[in-house]
Amino acid sequence: MVSKFVILGMIVGLGLIMYSITMAGEDTVDYSEVIVVPAQGSGSPGCEAVTNGCFIPGTATVDLGGVVIFSNTDSAAHTFSAGTADDGPTGEFDTSMVMAGQSYEWTADTLGEINYFCMVHPWMVGQVMVR
């Protein structure tokens, strides 16, 4: 007959193994570089109402010292400007006008959540999370 302690030990051991696998998966994600693109057609209102929003990804995660590449894959010109349309730019980054097919790189030098928007199309909003 198997002891209750042996069964309990097996359950605890299995739980620790599963927890270790889950945590190891999070540590292996590479946040040294992220690419942000505008949703196709985001130059017209409506993208803000969909799940993914006007920038893809809606929240971009990058390591401190990592690179965010703002790549304009849309047909319209856009800006990627830290801040909000209501309060204006905050200064962490501002791409100025990025024409279709062009890109801008920013090295993340500020920890935390940074909201950004397009000055040309103020309904386009996103967030960069620097960890």
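In which strand is the place of Tyr104? Tyr104 lies in strand S7. The model examined here is predicted. The description starts from the overall fold, moves through the two sheets and the core, and then returns to this tyrosine.

The protein chain contains one helix and nine strands. Along the sequence the pattern reads α-β-β-β-β-β-β-β-β-β. The chain has 131 residues, of which 32% are buried. Its exposed surface comes to about 7,900 Å². Carbon and sulfur atoms supply 61% of that surface. Contacts between residues at least 6 apart in sequence were also examined. Of these, 65% join residues at least 24 apart.

The strands are considered sheet by sheet. One open sheet has four strands, in the order S2-S1-S4-S7. Its pairing is mixed. S2 and S7 are the edge strands, and each pairs on one side only. S1 and S4 run parallel and are joined by four bridges. Within this pairing, Val36 stands opposite Phe70 of S4. On the S7 side the sense is antiparallel, with five bridges between S4 and S7, the latter spanning residues 103–107. Two facing positions illustrate this pairing. Ser71 stands opposite Ser103 in S7, and Phe70 stands opposite Tyr104 in S7.

A second open sheet has five strands, ordered S3-S9-S8-S5-S6. Here too the pairing is mixed. S3 and S6 (88–94) stand at the edges with a single partner strand each, so one side of each is left without a neighbour in the sheet. Neighbouring strands of this sheet are turned by 40 degrees against each other on average, direction ignored. S5 and S8 run antiparallel and are joined by two bridges. Ser81 stands opposite Phe117 in S8.

S4 merits separate attention. Five of its five residues are buried, and the strand is mostly covered. This holds for both faces. Val67, Ile69 and Ser71 are buried on one side. Val68 and Phe70 are buried on the other.

The largest nonpolar core has 21 residues. Those with the most contacts inside it are Val36, Val68, Phe70, Phe93, Trp106, Tyr116 and Val128. Five strands each supply at least two residues of this core: S1 (33–38), S3 (59–62), S4 (67–71), S8 (112–117) and S9 (125–130). In soluble globular proteins, nonpolar side chains tend to be buried together.

Aromatic rings were searched for across the whole structure, and seven aromatic pairs were found. One of them is formed by Phe55 and Phe80. Their ring centres lie 5.3 Å apart and their planes meet at 45 degrees, so the pair counts as tilted. The two residues come from distant parts of the chain, 25 residues apart. Phe55 belongs to strand S2 (residues 55–56). Phe80 sits in the loop between S4 and strand S5 (81–84). Phe55 is buried, with a relative accessible area of 0%. Phe80 is also buried, with a relative accessible area of 0%.

A wider grouping includes this pair. Phe55, Phe70, Phe80, Phe93, Trp106 and Tyr116 form one aromatic cluster. Of these, Phe70, Phe93, Trp106 and Tyr116 are also among the residues with the most contacts inside the largest nonpolar core.

The account now returns to Tyr104. Is this residue buried, partly exposed or exposed? Tyr104 has a relative accessibility of 29%. Buried means under 20% and exposed means over 50%, so Tyr104 counts as partly exposed. Its strand, S7, is an edge strand of the four-stranded sheet.

Which residues does Tyr104 touch, not counting residues up to four places away in sequence? The contacts are Val68, Ile69, Phe70, Asp94, Thr95 and Val98. Val68, Ile69 and Phe70 are buried residues of S4. The C-alpha atoms of Tyr104 and Ile69 are separated by 5.8 Å. Along the chain these two residues are 35 residues apart.

Conventions. Residues are numbered from 1 along each chain as its sequence is written. This is a predicted model: local features need pLDDT of at least 70, side-chain atom pairs count only at pLDDT 80 or more; totals for chains, interfaces and linings use all residues. Side-chain values use heavy atoms; hydrogens and water are left out. A nonpolar core is a set of buried Ala, Val, Leu, Ile, Met, Phe, Trp, Tyr and Cys residues joined through side-chain atoms within 4.5 Å. Buried means under 20% relative accessible area, exposed over 50%, partly exposed in between (1.4 Å probe, protein chains only). Two strands pair if DSSP finds at least two bridges between them. Rings of Phe, Tyr and Trp (its six-membered ring) pair if their centres lie within 6.5 Å; planes under 30 degrees apart count as stacked, over 60 as edge-to-face and the rest as tilted. Contact means heavy atoms within 4.5 Å. Accessible areas come from the Shrake-Rupley method with a 1.4 Å probe; for residues, only the protein chains shown count as cover. Axes are lines fitted to C-alpha atoms, for helices over the stretch in contact, and angles run from 0 to 180 degrees between N-to-C directions.
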